[in-house]
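Welcome! Here are two short exercises to work through with the structure open beside you.

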Amino acid sequence: MKDKIITLPYFPGRAEDAYNIKEEISRIEGCIVVVDLPDGLEEEIKKAVKKLPRISLIVDDLGRAIPIVPNEPAIETVRTSLENNINLEFIDASLSFPREEFRGMDKFADLVEDIGVERYAELMKPYKYQYTESRHKYMALKLRELMEKNNEILFVCNIKHFKGVMQSLDEPLDVGYGMVAPTTTCKVKESDVGKISSEIPFLTFQYENSRNQGFDRKDAIIQLYEDEEADLGLVETYKYARNLAISDGHVYPNLYNILAAAKYTQDDDYAFNILERSQTYPYTYNESNCIIKSYLNYDLEPLDGTRVLEIKKKLKLDLKGSTKKKRSSHGGFFRYFKRTQECFKTEMIFVNYLRNNYFQLVPSGEFEVEEFQCGLGDGIDVKQSLRYRFTDKIFVKNDKMINNTGYVVDFGGISDDAIFCDSQNDCVGTATKYPQDDGFCWNCMVIFPDTLEVEVSSLLYRVSYFNALESCVDLAVQYSDFVYVFSDSIVESMENNPKVKFLPLERIPQKLRDEMCCFDVEWRN
Amino acid sequence: MDSKKRIIDGIEISLREPDITHYKWIGRDEEMRFLLASWLQIDKEDLPMTPVLVGDPGNGKTTLACASAQEFNQPAYLMNCTSDMRPEDLIVTPVISSGNQIKYRGSPLVSAVINGGVCVLDEANRMNEKCWASLAPLLDDRRYVESVIAGVKIKAHSDFRFVATMNDDPSTYTIPGYIESRLKPVIEVEPPSGEVLRAIVKANVPYASEDLIESVIQHMLKDEDAFLSRSFSIRDAIEVTRYAVRLSRKGEDYQKSFEYIMKTGSESL
């Protein structure tokens, strides 16, 4: 009898299997198609399948749900059979759970909501074996009945149950009909598609679009990754996503691995864009008649497994959009103050800290000569080696490195009080007056490299009150080889400048910041 | 052939032994998976990636790299980078041996390239642009390094894998763009959760009592924000526990001393 059955096992949710099943069903003739969907829910499922590509979710009172999505092989089986007018039978049992354990619970869906889907799945574990075995027996019984009436059966079955059902066919069967729990068909909105399927909504969309031509997951993922900014690294990103999937024991990357690859080979912003794009599935309802929550599938497993990946989206300060006051070239616009000696000392400690801890060395174009130890440096210094030839020593040349780094420190706030400069430490910046006395607090300042060749006071006019950070970064870039910007904001126009590195202000020790931030003045004119 | 010496294009290069490391990576399995996945090679045409581990000092970047090498069943060759490093230090260094003969000594990187193994380029952002430039062909599909000093081109073994570690704090040098594009994926090594931190301290200071470990962890997690914002690192937790054990063995009130260490430690940070 078994030779009457042509089996088509599938992995749930896998679009490739859905496509293969579609091809197989379209090819066969004179066969009855049998699928492992719950017996008794034919009407509801067929009605929802006819509405595809619009997605629905059939939820029963036991907290189990069947997503009607195009890439689901069982659903594709129904869809293709309907399209080709092929006889179709649902043979899975809609079994109940042992109710004594959950006395008083009329709706298991409520229990799921109360205790969470993972805990619910955990509670069901002891009953799962019996539940699954009963389903296998029920499916086997239905298959036997169908075999007696038909010559050939195309059996589409979840790979998990395939073996169990086939084994049960050889055993004496004694199983009662399960009760069919009442169901609701929910319309699914675009934002909920990801919640009800383990497949990425964007890939579901791609499957739907290429349903008749064949689905290529690699192409679909690359399409998801395609972005103007990430073009160069796209191959690497896909390759890494594939490797992550393999290390996870999968053939194809899931959303988690796709996002992890995007995050680690590009950046968080790119990963965030991919996350947003991955949720795209335009063929959906605008409104839903249900609140889509977490549900179990008929194997009592959560519909979508979740893992957490932290993606930090950069918050950018849009300086381009802010009001920009034209800088005045009039000298009288600025006020001049002199800080106390103690404040100068604090400033010197602060500047020394920055210069000693944050620096970029660049070749000065000059060479230093030293005795050969273990490396040839930038070549042998023939002149010096000849001069000391009697000592048998060799002298080599090395690049002389200099530090030509500038710093912008943005303490925050907007000033309309003063712009200071300090020719001793070569810095200039804006400051706000204390409310009570004659002291001031820096808002944003630029510290130039000690190789600055122009008079620092001549740069006062280039600092803007309202766009202090942007003007300070502009100045620092002009007069330094490299600039460290300590700020909690980012100047968008400089973000990709290889000469500029943005660091959070907290990188400077609190004590130094506090001492540096505010200062007293001795006199003013 | 002696694995310590190799003759390449007629030039004898003496190689280093791999580092004997017995690192254990506790918790944070995903970070190890991210690293191991980047080293996978699924066919001959497919090339392994060249990842970077970034994160604050003391978060376990080097430990992760070495433990992953163990997991990958490859020896680890650790190479510490410095700001005054030269390309020849990174590849092949000429040294004067007895009889005023020049000998060529391969770096840990070259030893890994020749013998096969994982090269861990520690604190790689301290290297200057010249050093990075000499690594460029090794980090792309050419997979070789060239020693100007020895005049040889060294092809990488098929088992050669690479990982660089970098601090997120200011670097001495900026990584050139053409290298940055080769160093992918960039894997962040984040501070662990309290539970994982407890397990790490326990594994690293097995002779410390449960009470003492708990007291260190509680102290560090008292202000979890401070811990997560990197005021303390895993290394701090281990070192503080070790010191506290010493103090308690001397009969001193470790709780009191411990408070002192933590206070001065956090101030200095």
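**Exercise 1.** Find how many salt bridges join chain B and chain A, and which parts of chain B supply the side that touches chain A.

*Solution.* Start with the charged pairs: four salt bridges (a side-chain nitrogen of Lys or Arg within 4 Å of a carboxyl oxygen of Asp or Glu) are counted between chain B and chain A. One of them pairs E188(B) with K263(A), whose closest N and O atoms are 3.7 Å apart.

Next, look at the elements, which are DSSP runs numbered from the N terminus (helices H or I, at least four residues; strands E, at least two). On the side of chain B that touches chain A, helix 1 (29-39), strand 5 (92-97) and strand 11 (186-188) each supply at least two residues. Helix 1 of chain B gives the largest share, six residues.

A note on the model: it is predicted, so local features need pLDDT of at least 70 and side-chain atom pairs pLDDT 80 or more, while totals for chains, interfaces and linings use all residues. Residues are numbered from 1 along each chain as written, chains are lettered from A and ligands numbered from 1 in the order written, and side-chain values use heavy atoms, without hydrogens and water.

**Exercise 2.** Find which residues of helix 16 (residues 510-517) of chain A are buried, meaning under 20% relative accessible area with a 1.4 Å probe, protein chains only.

*Solution.* The buried residues there are L512(A), R513(A), M516(A) and C517(A). Viewed down the axis of helix 16 of chain A, they fall within an arc of 120 degrees (taken from the directions from the axis to the C-beta atoms), so they line one face of the helix. Finally, their cover includes helix 13 (341-357), strand 14 (440-447) and strand 17 (518-519) of chain A.

Terms used: Buried < 20%, exposed > 50% of the residue type's maximum accessible area, 1.4 Å probe, protein only. Contact = heavy atoms within 4.5 Å.
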